[in-house]
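Open the structure in your viewer and keep the selection tool at hand. The stops below say what to select next and what is there.

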Amino acid sequence: MSGPPLDREEQDAYAISAEFYDVLQAERDAARVRRLYGAAVGSARVGVLDVGAGTGRVTLMSLMESHAPVHAVEPTRSMRSPLMTRLASLPVEQRTRVTVHPHRLDEADLHGVADVAVCHNTIACLHPVSRRALWPSVSEALVPGGVLLVQLPPARLPRRATTYDFPTQWIGRHEYGGRMVASADGDRIRTRFEYWVRGEGGVLREHQETFWMWPAARGEVIGELRESGFAPLPEGAAPSVLAVRAAGATRAVSQPG
């Protein structure tokens, strides 16, 4: 017999990965978000919306590249905690420009707060029903003519299991490492993260955490966004990012490069 539903804060899918993400992935991801979204974010005048902010790579880049207010939406406590620590260390001018919303976007009650929105490393992990439900909330949070940049999920299931080894990192006397293994499982992609910490005597700790991703072709995502009033912009130099504009007046946008 099942018990009562868990509070969302207890359903923390990133409880393990949050410890290792910044050590193993954040430096590479920081360079990527600047390349993919920096120019568009730099053109923001009303505000920037970071949907699924995680530990804050897009949020911090947005504070550096623009002078507009930034709204960081991150419902998961384990990811939000390092984000808050980073923001606390910023100069007052930057810290007072960012608001962290500890809810899903549909619960944050944001209306017309941004002219640029970014969904980075987010929608692949949403069930298709949840993904489709996200777009009206993004549209509501954007001003007319605002631009949404979406990192697309994988277009299809992998034909075979693939492994990516993260570059190892040293912190003091301990070496941190890990790998990601992606494989097809029905209509989903099983993404297993394996982490380890080694000291002079060998392995000190080992952890695993599994995430699920749902593939969707570019055209499928465009179709969903059209239903919420978005129109696709010309494809830029980064095919992994889809740029769309909300209904209303037009404005210039720099495409991801």
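**Stop one: helices α3 and α4**

Select Arg57, Thr59, Leu60 and Leu63 in α3, and they will be found in contact with Leu83, Arg86 and Leu87 in α4. Sorted by class, this contact has 4 nonpolar, 1 polar and 2 charged residues. Bear in mind that the model is predicted.

Now show the two helices whole: α3 covers residues 57-65 and α4 covers residues 77-88. Two packed helices are described by the angle between their axes and the distance between the axes. Here the axes come within 10 Å and cross at roughly 20°. Angles under 35 degrees count as roughly parallel, so α3 and α4 are roughly parallel to each other. The crossing in which α3 passes α4 is right-handed.

**Stop two: helices α2 and α3**

Keep α3 selected and add helix α2, residues 26-42. How do α2 and α3 lie to each other, oblique or roughly parallel? Their axes come within 9 Å and cross at roughly 45°. The two helices are therefore oblique to each other. As α2 passes α3, the crossing is right-handed.

To see the residues that meet, select Ala26, Asp29, Ala30, Val33, Arg34, Tyr37, Gly38, Val41 and Gly42 on the α2 side. On the α3 side, select Arg57, Val58, Met61, Ser62 and Glu65. By class, the contact of α2 with α3 has 7 nonpolar, 3 polar and 4 charged residues. Arg57 is among the α3 residues here, and Arg57 is also among those that meet α4.

**Stop three: Arg80**

Go back to α4 and select Arg80, which is in this helix. Is Arg80 buried or exposed? Its relative accessibility is 12%, so Arg80 counts as buried; the cut-off for buried is under 20%. Next select Glu74: its backbone oxygen lies 3.1 Å from a polar atom of the Arg80 side chain.

**Stop four: His71**

Finally, select strand β2, residues 70-73, and pick out His71 within the strand. With a relative accessibility of 12%, His71 counts as buried. Which side chain makes a polar contact with the side chain of His71? Select His101: the two side chains make this contact at 2.9 Å.

To show the surroundings, add Val48, Leu49, Asp50, Thr99, Leu110 and Val113 to the selection. These residues and His101 touch His71, leaving aside residues up to four places away in sequence.

Technical notes: Residues numbered from 1 in each chain as written. Predicted model: local features only at pLDDT ≥ 70, side-chain atom pairs only at ≥ 80, totals over all residues. Heavy atoms only, no water. Helix = DSSP H or I, 4+ residues; strand = E, 2+ residues; numbered from the N terminus. Buried < 20%, exposed > 50% of the residue type's maximum accessible area, 1.4 Å probe, protein only. Polar contact = N/O pair within 3.5 Å; in protein donor to acceptor, adjacent residues only side chain to side chain. Contact = heavy atoms within 4.5 Å. Axes fitted to C-alpha atoms, helices over the stretch in contact; angles between N-to-C directions. Parallel < 35°, antiparallel > 145°, perpendicular 65-115°, else oblique. Left-handed = near helix turned anticlockwise from the far one by under 90°. Nonpolar A, V, L, I, M, F, W, Y, C, P; charged D, E, K, R; others polar.
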